[in-house]
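Thanks, everyone, for making time for this. I would like to walk through one model with you, starting from a single residue and working outwards.

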Amino acid sequence: MKVLSGGLLLAVTMAILLSFYYVEQTYSADEQILKPRVPADKLAEVKGFKNIVPKDAKTLSEAKEIYLGKGICFTCHGDGGRGDGAAGASFNPPPRDFTDISWQKARTDGEIFWAISKGTDYGMIAFEDMLSVEERWMLVNYIRELGKSK
């Protein structure tokens with residue numbers, strides 16, 4: 001009987017220890033803001049992507065039209081980019097607040113471009129088949145401008 005209870009104790013202990021090993025990392029609300037949306041195995045490569053569209057009045061104006069129009073970005077991220085769009089209200093975590101300075105500093109242009117292109121596991125759809133490469137890079141520039149509005 002002693003061997004049986006010792007084996008049971010060992011099995012329970014191992015199950016508890018293994019459960020800690022396999023638990024996915026969780027993030028607090030503040031950490032959620034900074035959590036990358038790019039998969040870890042792609043992050044280093046994506047961080048190296050360089051924007052091919054110049055940031056000027058013309059491209060920013062075109063990007064704003066895409067953001068508020070065919071890109072439908074405003075539906076989740078809101079007109080001002082604060083993550084307060086009607087369609088994003090049910091998302092957990094909520095859509096990115098592009099005016100958040102800490103987020104702007106933490107994310108590279110490549111990461112933003114990748115999220116626009118591929119979508120995320122948090123509700124954002126992929127736009128690589130709906131927007132051209134140039135349009136997606138224009139949106140990156142516009143998102144950066146939204147970060148200057150706070």
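Let me begin with H77, which sits in helix α5, the stretch covering residues 74-77, and please keep in mind throughout that this is a predicted model. Is H77 buried or exposed? Its relative accessibility is 9%, and because that lies under the 20% cut-off, H77 counts as buried. If we set aside the neighbours within four places in sequence, the residues in contact with H77 are Y67, R82, G83, D84, G85, P95, R96, F98 and M124.

Two of those partners, Y67 and F98, lead us to the next topic, since they appear again in the largest nonpolar core. That core has 19 residues, and those touching the most other members are Y67, F98, I112, I116, L139, V140 and I143. Which helices supply at least two residues each to this core? They are α4, spanning 57-68, α7, spanning 109-118, and α8, spanning 133-146, and it is α8 that gives the largest share, with seven residues. As general background, nonpolar side chains in soluble globular proteins tend to be buried together. To take one member in detail, I143 is in contact with F98, W103, Q104, I112 and I116, again leaving aside its neighbours within four places in sequence.

Now to the way α4 and α8 are arranged. Their axes lie 8 Å apart, and the two helices pack at an angle of about 95 degrees, which means that α4 is roughly perpendicular to α8. The residues of this contact comprise eight nonpolar, two polar and four charged ones. On the α4 side they are T59, L60, E62, A63, K64, I66 and Y67, and these meet E135, M138, L139, N141, Y142, E145 and L146 of α8. You will notice Y67 and L139 in that contact, and both also belong to the group touching the most other members of the core.

Let me finish with the protein as a whole. It contains eight helices and zero strands, so to speak in order along the sequence, the pattern reads α-α-α-α-α-α-α-α. Of its 150 residues, 36% count as buried, while the exposed area comes to about 9400 Å², with 62% of that supplied by carbon and sulfur atoms. Finally, among the contacts with a separation of 6 or more, 60% are between residues 24 or more positions apart.

Definitions and conventions:
Residues are numbered from 1 along each chain as its sequence is written. This is a predicted model: local features need pLDDT of at least 70, side-chain atom pairs count only at pLDDT 80 or more; totals for chains, interfaces and linings use all residues. Side-chain values use heavy atoms; hydrogens and water are left out. Helices (H or I, at least four residues) and strands (E, at least two) are DSSP runs, numbered from the N terminus. Buried means under 20% relative accessible area, exposed over 50%, partly exposed in between (1.4 Å probe, protein chains only). Contact means heavy atoms within 4.5 Å. Accessible areas come from the Shrake-Rupley method with a 1.4 Å probe; for residues, only the protein chains shown count as cover. A nonpolar core is a set of buried Ala, Val, Leu, Ile, Met, Phe, Trp, Tyr and Cys residues joined through side-chain atoms within 4.5 Å. Axes are lines fitted to C-alpha atoms, for helices over the stretch in contact, and angles run from 0 to 180 degrees between N-to-C directions. Angles under 35 degrees count as roughly parallel, over 145 as roughly antiparallel, 65 to 115 as roughly perpendicular and the rest as oblique. Ala, Val, Leu, Ile, Met, Phe, Trp, Tyr, Cys and Pro count as nonpolar, Asp, Glu, Lys and Arg as charged, and the others, Gly among them, as polar.
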